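Subject: Structure for you to look at, with notes

Dear colleague,

I am passing on a structure that is new to you, and I would be glad if you could read the notes below with it open. They go through single residues, helices, the contact between the chains and the empty spaces.

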Amino acid sequence: MSAAEFLAMAPLLVLAFGCVAMMAMIAFIDQEQTAALVAVAYLLLAVLCVPLAASGGARAVGALLVIDAWALFFTTLFLIGGALVVLQASEYPMPGYRKGELYLLLMLASLGAAVLVSSRHFATLFLGLELLGISLVAMVAYPVGWRGALEGGVKYLVLSGASTGIVLFGIALLYAATGSLEFAGSALHAAPAMPLSELWMAAGLALLLAGFAFKLSLVPFHLWTPDVYQGAPAPVTGFLATVSKGAVAAALFRYLAESGAWKHEPVIDVLIVIAVVSMLAGNLLALLQDNMRRILAYSSIAHLGYLLVAFITLAADRGDVAGEALGAYIVAYLVTTLGAFGVIAHLAAVRRGREPGSLDEYRGLFWSRPWLAAAFTLILLSLAGIPLTVGFIGKFYIFAAGASASHWGLLVAVVAGSAIGLFYYLRIILFMIRPAAGGVTVSSGLPPLTPARFALAVLALFLVWFGVAPGGLIAAIRGAVHSIV
Amino acid sequence: MILVLLIVILLAGGIAAAVVAGRNPEHARYVSLGSVLLALAMGLGLWPGGDVLNADGAWLVGYRAAWIPQLGISLHLAMDGMSLLLVLLTLFLGVVCVLVSWREITEKVGFYHLNLLWTLAGVVGVFLAVDLFLFFVFWEVMLVPMYFLISIWGHEQREYAALKFFIFTQASSLLMLIAIVALALVHRDLHGYVTFNYFDLLDMDIPGSTGYWLMLGFFVAFAVKLPTVPAHTWLPDAHTQAPTAGSVILAGVLLKTGGYGLLRFVVPLFPEPALDFAPVAFALGVAGILYGAVLAFAQSDFKRLVAYSSVSHMGFVLLGVFAWNAAAVNGAILQMLAHGVSTSALFMIAGLLQYRLHTRDMGEMGGLWSRAPRLAALAMFFAVASLGLPGLGNFVGEFLILLGTFRVDVLTTVLAAIGLVGASIYSLYLVQRAFHGPDDDAPRIEDLDRREMTSLAMLTVAIVWLGLYPQPVIDVAMPSIRFLESIVAFRVEAGLP
C-alpha cells in the first residue's frame, strides 16, 4: 500500500487505533468520565482526518475499500453521531454497570459503519456488517441485569445473526452468477459465468435484499424492532436507529448504484411493495402504541419506508436525485432520531433512572421543562416533516425523487403515511401540553449545561440550521453523490 | 426589503412578547399590540398613491435574495394590489385579535402572543411569497402556531379540533407539495433548470394532461382551506373550539389564503385545465353555499352557526374565482375582505358573550337586548352585514360575484342566489334566539367596555366603508386582476394548456 492510500484511510486508522488505545486504557483506569472524554476525542479526531483523506480525491484502497466523497460524507456524519451518543450515554443512568466498555463497543460499531460505507467489495461489506452488528448486540444487552435489555439483546443477536447469514448466502449466489465479489464486477451485464446464472442472480439479490431489510427493519422483517427499541439503553437505541441503519442504507445504495442491480426489474418491484407496506404498517401500528419508545420504533419503520423511495427512483436522472434524496433523508433522520432518544435519555437522567415510558408520563413537560419540551416539539415536527426543520428537507427530496421518476402511486402512499404519522406525533405534543396530574411546577430560565444537554442543543441547532439554510448540506450531498453515480 | 421587515417585525414581536411576559404578562399584550400596529402602519404606507388604475405593472414592491440556489429556490417576496389588501386585512384583524385577547387570555400570556403573532407572520408570508417553495414553507408554518392556539387555549374539545384541523390541512397540502415539485421538474425538462419562481413557471407550456393533475394537486390544498364541501368538516370544529382570537384569525384570514391561492396560482398557472374544471368547481361552490346555509340554520351553538355560515360565504368566493371575469374576481376579493371583517366581528361577539355568560348555547341566551343593549345592537348590525344587506361590504362582494357568474352560468347563479335567502334566515334567526325574547328579569350583564367598543367600532367602520365606497379597494385590486387576466388570456390564446 502506498502512502497516499494510508492517507486516504486516515479516519479509519485513527479510529482503529483509538479502539485499541481505549481497550488498554479502560483496563487500567476505572474512570467513566475519562473514558467518555477519550471516546469523543478519538471519534472527533477521526472526523478531523476527513479533510486529509479527501485531499487526494477519490481513491480505491486495494480491491476492498474506496475512500470517495460518498464514503467520507457518511463517515463524518456517523462519527459525529457516535460522539453525540457518547455524550448522551455519559449521563444515562445505568447503576452498577461501568460504561467504559460501552464506549469501546460504540467506537467499534462506528468503525464498522465507516467500513461499511467505504466498501466496494463484498468482503468489506460483510466485515463492516459484522463489526457493526456484533458490537450492537453487546451494546443492546449491556446492562444484562435489565430484563428488557437482555431480551432485546437476545432477539437482536438471533435475528441479526440470521440476517447476516442470509446476506452471506446471497453474496455466495451472486458470486456464483457473476464470478466477482466486487460491486462493479457483479453487474448484471457481466458475462454469464455459468449456466442458470440468471436464476442465481435473482435468488442472490432476493436474499441480499431480505438480509438488508432485516437490518433496516422494513416490513415484513421488522418484528425485532419494537422490543429492541424498548429494551436497550436509550442512547444505544438512538445509535442503532440512526448510525446502524444509515450505514446499512448507504452501503446498500452504493452496491445497487455501482453494480447496476437496480436495472433488474423485480428488484424495484419488490422494493416498491416493501416501501408501501412499511410506510402504512409502520404508521398504523404506531397509532396503537402508548409507549414512547414503541411509537418511535414503529415510526422508524415508516421512515425507512420513505427512505426506500430513494432506492426505487435510482433509474431517474442517472441516480442523481435518488442519491441526493438518500443523503438528505439519512441526515434528517439521524439528526431527528438521535434528538428524540436524547430527550428520552435526558429525562431518564433527570428523573433519577425512572425513565418515562408511557405517553402519560410526558404530561406537563411543556410547563415543567419548557426548553426540553421545545426541543422535543421541534424533533416531532421534524419527524412529521414540517418546513423549517431538517425533516422537511428530507421529505421534500423524497417527493422530488418520486416525482422525477413519476412514481405517483408511491408518493400518494407517502402522503397517506405522513398524514397518519402526523396524528401520533401531534398526540405526543398534546400530552406534553396537558397539565400534569400532580400540579405543575413552572420553571423557566436556561438549565445548566451538561454534556447530554449540549448534545441535544447541537442536534436541535442542526435540525433548524439544515431546515432553514440547507444550501451547504445540499452542496455536500451533491459532491458525495457525484462520486458514485 | 420592507416586505421582509413586515414579517420580521411580527416574528420578533412574538419573541419579545414571550420574553417580557416572564416579568409581567401585561407587557406582552402591549408589545404585541405595538408590533402589529407598527406592521399595519408600514403596510398602509405601501398603499399606492396617484393614478393607480393606469399605473404600469401590477407589482408594487418586491424583494429577492438567494436562498437555496442549488434547487433554484429564492427568498422572493412581491406585493401587488391583491396581496396588499389581504395583508392589510390580516394586520387589521391582528390588532383586533390582540385587543380581544386582553381579558380572555389569562394563562401563559407570553406564549399565547408568540403563537398569535407567528400565525400572522405566516399568513402575511403566504400572501407575499412568489417562490412556490417559499410559499409552501409559509403555508405550513402558519399551521403550527395556530395548532397551539387551538389546542392550548381552546374550549372543551380543543385537542380533537386542533388535531383534525392540522391533519386535514397537512394531508391536502402534501398533495400540493407533490404538484409543486412536479411543476418545477416539468420546468427543468423543458428549460433545463429547476426553478420554483412563480414568474418563470407562469410562462411555461405544460405538456399533455399533466397540467390537469397538477392543477388538482393545488386545488385540493386550497379547497380544504377555503373550505369547500366535502372537505369542510374540520372548519366547524376548529372555529368553535378555538379561543376568540383564534376563531377571528381562522375565519378572517386563514380561509382567505385558500381563495388567494386559487386566484394567484390555480387559474394563472393552469388556465386551460382550470377552465375545464370550472363546472365541477361551480357545483362544489353551490353545494357549499346551500349546504353551509342549511347547516348553519340547524345549529344551537353560536360559534358553530357562524362557522357554518363561513362555509356558505366562501362558496361564493369559489364561484367568483372560477367564473374568471373582472366583475367576479373583483367580487371574490371584496367578498374575502368583507367576510373577514364581518365574521371576525361575529366571532368576537360570540367570545364576549361566552366571557359573560359562560355558554355559547343560544338556547340559554335570549332577551339579551335589554340586558346588554350595545352588544346586542352591534350583533344585529354584523348579522345583517353577513346576510348581505345593501350598503354593507358583503353585499358588494356577493353582488359582483353573482353578476360575474351570471355571464358564465345562469343556473349556478340562480342556485347561489338562493343561498342569500338562506343567509337571511339563519342570520336573523341568530339574532332572534340570542337577543330577542323575554329577559325573565335576569340581571343586566356587563355591556361593552371601551376596549371592546373600540375594536368593534373599527370593524364597523371597515364594513361600512367597504359597502358604501369600495372604489379605492377596487382600484387597488384592479391592476393585479388585469395582470392575472392578461396572463390567462395570453396562455389560452397561445393554446398553452
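I begin with B:Lys108, which sits in the loop between α3 and α4 of chain B. Please keep in mind throughout that this is a predicted model. The phi angle of B:Lys108 is near 50°, which is a positive value in a residue other than glycine, and with a relative accessible area of 33% this residue is partly exposed. A:Ser406 also has a positive phi without being glycine, here near 55°; A:Ser406 belongs to the loop between α17 (390–404) and α18 (408–433) of chain A, and its relative accessible area of 45% makes it partly exposed. As background, most residues other than glycine have a negative phi, and most peptide bonds are trans.

Two peptide bonds deserve attention for that second reason. In chain A, the bond that joins A:Val219 and A:Pro220 is cis, with omega at about 5°. A:Pro220 is placed in the loop between α9 (197–215) and α10 (225–231) of chain A, and it counts as exposed because its relative accessibility is 53%, where exposed means over 50%. Its C-alpha atom is separated by 7.8 Å from that of A:Ser278, although the two residues are 58 residues apart along the chain. In chain B, the peptide bond from B:Leu226 to B:Pro227 is cis as well, with omega near -5°, and B:Pro227 lies in the loop between α9 (210–225) and α10 (234–241) of that chain.

Turning to the helices, I looked at α3 of chain A, which covers residues 32–48. At 1.5 Å a residue its 17 residues should span 24 Å, and the C-alpha atoms at its ends are 24 Å apart, so the expected and the modelled span agree. Its buried residues are A:Ala35, A:Ala36, A:Val38, A:Ala39, A:Val40, A:Tyr42, A:Leu43, A:Ala46 and A:Val47, and they pack against α2 (10–28), α4 (50–54), α5 (69–91) and α6 of chain A.

The last of those partners, helix α6 (residues 100–118), holds A:Leu106. Is A:Leu106 buried or exposed? It counts as buried, because its relative accessibility is 3% and the limit for buried is under 20%. Leaving aside residues up to four places away in sequence, A:Leu106 touches A:Leu43, A:Gly82, A:Val85, A:Val86, A:Met139 and A:Phe239.

In chain B, helix α1 (residues 2–20) can be checked in the same manner: its 19 residues should span 27 Å at 1.5 Å a residue, and its end C-alpha atoms are 26 Å apart, which agrees. The residues of α1(B) that are buried are B:Leu3, B:Val4, B:Leu6, B:Ile7, B:Ile9, B:Leu10, B:Gly13, B:Gly14 and B:Ala17. They pack against α2 (25–45), β1 (59–68), β2 (73–80), α3 (81–104), α4 (109–128) and α5 (132–141) of chain B.

The two chains also meet each other, in a contact that takes 37 residues from chain A and 31 residues from chain B. Between them they bury about 3,100 Å², and 83% of this is on carbon and sulfur atoms. On the side of chain A, the three residues A:Trp367, A:Phe396 and A:Leu430 supply 18% of the area buried against chain B, more than any other three residues.

Finally, there is the space left inside and at the surface. There are twelve cavities of 30 Å³ or more, and the largest cavity contains about 120 Å³ of space. It is lined by 14 residues, of which B:Val100, B:Arg103, B:Glu104, B:Leu352 and B:Glu452 are the closest to its centre. At least two lining residues come from each of α3, α14 and α19 (450–468) of chain B, and α3(B) gives the largest share, five residues. By class, this lining has six nonpolar, three polar and five charged residues.

Among the pockets, the second largest has a volume of about 500 Å³. Of its 22 lining residues, B:Glu107, B:Ile152, B:Trp153, B:Gly154 and B:Arg158 lie nearest its centre, and the elements that give two or more residues to the lining are α6 (143–153), α7 (158–191) and α14 (326–357) of chain B. This lining has seven nonpolar, eight polar and seven charged residues.

With best wishes

How values were computed:
Residues numbered from 1 in each chain as written. Chains lettered and ligands numbered in written order. Predicted model: local features only at pLDDT ≥ 70, side-chain atom pairs only at ≥ 80, totals over all residues. Heavy atoms only, no water. 1 Å grid on protein atoms, 1.4 Å probe; cavity = no way out; pocket = protein on both sides within 12 Å on 5 of 7 lines; lining within 4 Å. Points joined across faces, edges and corners; volume = space filled by probe spheres on them. Helix = DSSP H or I, 4+ residues; strand = E, 2+ residues; numbered from the N terminus. Nonpolar A, V, L, I, M, F, W, Y, C, P; charged D, E, K, R; others polar. Expected span 1.5 Å × (residues − 1). Buried < 20%, exposed > 50% of the residue type's maximum accessible area, 1.4 Å probe, protein only. Contact = heavy atoms within 4.5 Å. Buried area = accessible area lost by both parts, 1.4 Å probe.
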